[in-house]
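Student: Please take a close look at the ligand and its surroundings, and then at a few backbone and burial details elsewhere. I would like each cut-off stated as its term comes up.

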Amino acid sequence: VPRHRLSDEIEKIVQEHLKFDLVDDFNSNIWELLAADGEMKVYRRELEENGIVLDPLKAVHSVKGVTGHEVCKYFWDPAVRMEWEGTLDSSRMLEALSDDTLIFNQVHKRVWPAAQRDTCFWSHIRSVSKENKNDLDDWIVVNYSTTHDSAPIKEPMIRAWANVALICSTIILNRDKYADLSSVPRENLVCKITYVAQVNPGGWAPANVLRAVYKREYPKFLKRFTQYVMDKTKKLPILL
Ligand SMILES: O=S(=O)(CCO)c1ccc(-c2ccc(C3CCCC3)c([C@H]3C[C@H]3c3ccccn3)c2)cc1
């Protein structure tokens with residue numbers, strides 16, 4: 001695996017997500033249910049630092065007919081970012097550090113009355129093998145804020161900071177019916193999605209406004225993205 005200037009940081013952050021994000025801590029009362037829509041459940045924890053809302057967000061979803069590789073690939077792929085992302089004014093891929101690690105600069109649509117935000121982050125995609133060799137690999141994408149010479153701070157825009165992971169497991173129903181997994185019909189696939197996001201708005205924004213935006217935007221964002229993947233993959237051969 002080719003190494004680059006961010007390899008060590010990426011390894012540390014990815015391992016942290018793999019260690020903590022899949023823990024089922026929903027029965028403890030730290031998470032508050034923000035929204036539920038079918039299989040999708042979106043939770044938040046209230047967290048503030050010097051009056052700035054940092055609320056961690058965690059969502060789980062179960063999507064029929066797609067694989068975890070497909071979901072992560074569309075989430076990571078710079079070519080389709082603006083096809084599914086409805087909250088951005090622009091998205092630029094600044095640098096490809098390797099075939100699985102890109103650096104993005106994105107300008108978010110303004111959330112009135114807060115100042116407009118942009119983000120600069122590395123985006124890393126990888127498969128993670130399971131203990132049970134019969135299972136398909138998990139897939140993960142991590143988006144983690146970084147700096148880059150081609151993404152200077154442009155006032156009056158404020159740089160927001162994000163630490164986001166999308167982790168997907170693929171379940172094959174009636175698994176023993178298929179010798180060759182690539183012949184599994186899509187209706188026998190279920191993708192279990194865990195999405196975690198922690199965003200630092202990068203500067204003061206009214207807590208009540210931010211929390212209202214989080215409550216509205218995250219469920220919409222996840223619903224729109226997963227629907228996009230279902231529509232894009234429906235007629236394609238499955239990507240295991
Ligand atoms: O999953 S990703 O990696 C996909 C990258 O294409 C991701 C998603 C969301 C964000 C983000 C960045 C800034 C804000 C705020 C902070 C103050 C003003 C804007 C928010 C809050 C507003 C919430 C929100 C949630 C979902 C979508 C958009 N908006 C979210 C960053 C990365």
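Tutor: A polar contact is a pair of N or O atoms within 3.5 Å, where within protein one atom must be able to donate a hydrogen and the other to accept it, and residues adjacent in sequence count only if both atoms are side-chain atoms. By that criterion, the side chains of Asp138 and Ser169 are joined by a polar contact of 3.0 Å. The model is predicted, so local features need pLDDT of at least 70 and side-chain atom pairs count only at pLDDT 80 or more, while totals for chains, interfaces and linings use all residues. Residues are numbered from 1 along each chain as its sequence is written, and side-chain values use heavy atoms, with hydrogens and water left out.

Turning to the ligand, 18 residues lie around it, and Glu85, Gln106, His108, Asn143 and Tyr195 come nearest (near means that a heavy atom of the residue lies within 4 Å of the molecule or strand). Three of these residues place polar side-chain atoms by ligand oxygens: a side-chain N or O atom of Tyr195 is 2.7 Å from an oxygen atom of the ligand, the corresponding distance for Asn143 is 2.9 Å, and a polar side-chain atom of Gln106 also lies 2.9 Å from an oxygen atom of the ligand. Of the 640 Å² of accessible area that the ligand has on its own, the protein covers 98% (areas come from the Shrake-Rupley method with a 1.4 Å probe, and for residues only the protein chains shown count as cover).

The ligand sits in the largest pocket. On a 1 Å grid over the protein atoms alone, a pocket is an open set of points with protein on both sides within 12 Å along at least five of seven lines, and a molecule sits in it if more than half of its atoms lie within 2 Å of its grid points. The shell around the ligand divides into 10 nonpolar, 4 polar and 4 charged residues, where Ala, Val, Leu, Ile, Met, Phe, Trp, Tyr, Cys and Pro count as nonpolar, Asp, Glu, Lys and Arg as charged, and the others, Gly among them, as polar. At least two shell residues each come from β7 (101-108), β12 (189-200) and α4 (207-233), and α4 gives the largest share, with 6 residues; these elements are DSSP runs numbered from the N terminus, helices being H or I of at least four residues and strands E of at least two.

Away from the ligand shell, strand β9 (residues 138-145) holds Val141, and Asp138 also has its place in β9. Val141 is buried at 0% relative accessible area, and Asp138 is buried at 9% (buried is under 20%, exposed over 50%, partly exposed in between, with a 1.4 Å probe and protein chains only). In helix α2 (residues 68-76), 8 of the 9 residues are buried, so the helix is largely enclosed by the rest of the structure.

Among the loops, the peptide bond from Trp112 to Pro113 is cis, with omega near 0 degrees, and Pro113 lies between β7 and β8 (117-128). Asn50, although not a glycine, has a positive phi of about 50 degrees, and it is exposed, with a relative accessible area of 74%. Asn174 likewise has a positive phi of about 50 degrees without being a glycine, but it counts as partly exposed at 42% relative accessibility.

How values were computed:
1 Å grid on protein atoms, 1.4 Å probe; cavity = no way out; pocket = protein on both sides within 12 Å on 5 of 7 lines; lining within 4 Å.
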